[in-house]
Amino acid sequence: MDSAMETSLATYHIRLPTRNLCTVEAVSESVQFMVSTSAVRDANELHLLEYKDDTDEIVCLRVFTAGLDAHHMSPSFKAANLISMSGIKDDDRTWASGVYKLVDLEETVVTTLTSPVEQVLNLAKDAKAKDKTKQVIFNPEDEGEVLALLDSSLQLWDMNSGDSPKHSFNHNEKGGAGAVCWSSLDCSLCAFSVGSSASGIDLRAKGAAFSIPNTVSFGKCKSIQFNPNKENVVLLGGEDGLIRLYDTRNTDQPLIEHPAHSHWTNVVSFNPSYDQLLLSAGTDGSAKLWMAFEQSSSNGEHAAWKDDDGQEGVDEDKIEDGLIQSYDGHVDSLCGISWSAADPWCFASTCFDGSVALRHVPQAVKYSILL
């Protein structure tokens, strides 16, 4: 491997299987991630991890008693002590979903091995209902609003009046709820996937914004995200192992389509600052870093430079669009991957075997973007 494309690797191991990983969005001064465990017989936990740049290591800041095997987890953008979870409860194996507060997070001295979590919004009051709340996400701009994705509908909730949703949108799609996301450029716009299809909702107009009927060639669409810096672009991944980029104004054909993983693509993600960089993680045990400059917000920003003879120059260090690097060698399915909210040049992933890895974007890629 070219030394310029090598990346440093910091690791951390949790004694239990892990299912989810997300960045701590509300913390910008340090690189922090939250990881949830997926145990059947043991009490499940949330591990708050921090990357120490000076020692190149991952340390655990706090362990919380989650109380459930979280099938999905998402952080608040404004409050570091709030997180949403949906999954199976440890005590009675019924379904739970809602918003939870991380108790004692601000305390510098904690006398117990684990800290509790406290549910502040219950979105699964009927724990045995067949139509379950599969994912809950926070509004990027309004910490009091959350979106809940069910198999039959999409619901907008006000956390201060949680008796019933503010709005409910029945989607009439088949195949089971997949994923939901909010546009950080326009918080009146959200998108979700059910089965093999993906749709957009205009929350202000209370109607459909776009529809992508077949985002995967087979199976379910498992992950969807809006481009954080360019309007009308969404990234999707699913059970056919591909990643696709769509313009929501013309969904007949994807802008980009790459065979990413030999099994399911579990998670896809735009870099929050440099949207030409994409991540994907799959059940084949690999994480992949992609370049998508031609479809990014950076394309066309800089005029081509010319030499002394007036000829357009060629950037010999430009990284071509497509796969930059594959990170293989994991012994189990990669369940989660996320860019850091504090440092755009690093990302973390977790494997079902309990391992957590933090890597940096290769220097050659970083300099090709900055210089």
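Me: Why is the contact between the side chains of Arg-15 and Glu-45 called a salt bridge?
Reply: A salt bridge is a side-chain nitrogen of Lys or Arg within 4 Å of a carboxyl oxygen of Asp or Glu. Arg-15 and Glu-45 are 3.2 Å apart, N to O, so the pair is within the cut-off and earns the name. This is a predicted model, in which local features need pLDDT of at least 70 and side-chain atom pairs count only at pLDDT 80 or more, while totals for chains, interfaces and linings use all residues. Residues are numbered from 1 along each chain as its sequence is written, and side-chain values use heavy atoms, with hydrogens and water left out.

Me: What makes this pair a tie between separate parts of the chain?
Reply: Arg-15 sits in the loop between S1 and S2, whereas Glu-45 belongs to strand S4 (residues 45-52), so the salt bridge ties together parts that are 30 residues apart in sequence. Elements with such names are DSSP runs numbered from the N terminus (helices are H or I with at least four residues, strands are E with at least two).

Me: How do you know whether Arg-15 is buried or exposed, and which word fits Glu-45?
Reply: Relative accessible area decides it: under 20% is buried, over 50% is exposed, and anything in between is partly exposed (1.4 Å probe, protein chains only). Arg-15 has 60%, so it counts as exposed. Glu-45 has 12%, so it counts as buried.

Me: Why does the contact of Asp-69 with Arg-19 count as a salt bridge too, and where in the chain do the two residues lie?
Reply: The side chains of Asp-69 and Arg-19 meet at 3.0 Å, N to O, which satisfies the rule for a salt bridge. Asp-69 lies in strand S6 and Arg-19 in strand S2, so that the pair links distant parts of the chain, 50 residues apart. Asp-69 is called buried because its relative accessibility is 5%, and Arg-19 is called partly exposed because its value is 25%.

Me: What makes Glu-257 and Arg-244 a salt bridge, and which residues belong to the network that includes them?
Reply: Glu-257 and Arg-244 come to 2.8 Å, N to O, between their side chains, and this meets the cut-off. Glu-257 is in strand S21 (residues 256-259) and Arg-244 in strand S20 (residues 242-247), 13 residues apart. Since Glu-257 has 42% relative accessibility, it counts as partly exposed, whereas Arg-244, at 7%, is buried. The network of salt bridges links Asp-240, Arg-244 and Glu-257. A search of the whole structure finds nine salt bridges.

Me: What makes strand S7 a mostly covered strand?
Reply: Strand S7 (residues 82-89) has eight residues, and six of them are buried, which is the basis for calling the strand mostly covered.

Me: How do you know that S6 and S7 pair?
Reply: Two strands pair if DSSP finds at least two bridges between them. S6 and S7 share seven bridges, in the antiparallel sense, so the requirement is met. Within this pairing Pro-75 stands opposite Ile-83 in S7, and the two strands form a hairpin with six residues between them. On S7 there is also a pairing with strand S8 (residues 95-102), again antiparallel and joined by seven bridges, where Leu-82 stands opposite Lys-101 in S8. The hairpin of S7 and S8 has five residues between the strands, and Arg-93 takes a positive phi near 60 degrees there.

Me: Why are S14 and S17 called edge strands?
Reply: The order S14-S15-S16-S17 describes an open sheet of four strands with antiparallel pairing. Both S14 and strand S17 (207-212) pair on one side only, which is what the word edge refers to. Five bridges join S14 to strand S15 (residues 189-194), and Cys-181 stands opposite Ala-191 in S15.

Me: Which strands are at the edges of the open sheet S1-S28-S27-S26?
Reply: In this antiparallel sheet of four strands, strand S1 (9-13) and S26 are the edges, since each pairs on one side only. Strand S27 (residues 346-351) pairs with strand S28 (residues 355-360) over five bridges, in the antiparallel sense, and Ala-348 stands opposite Leu-358 in S28.
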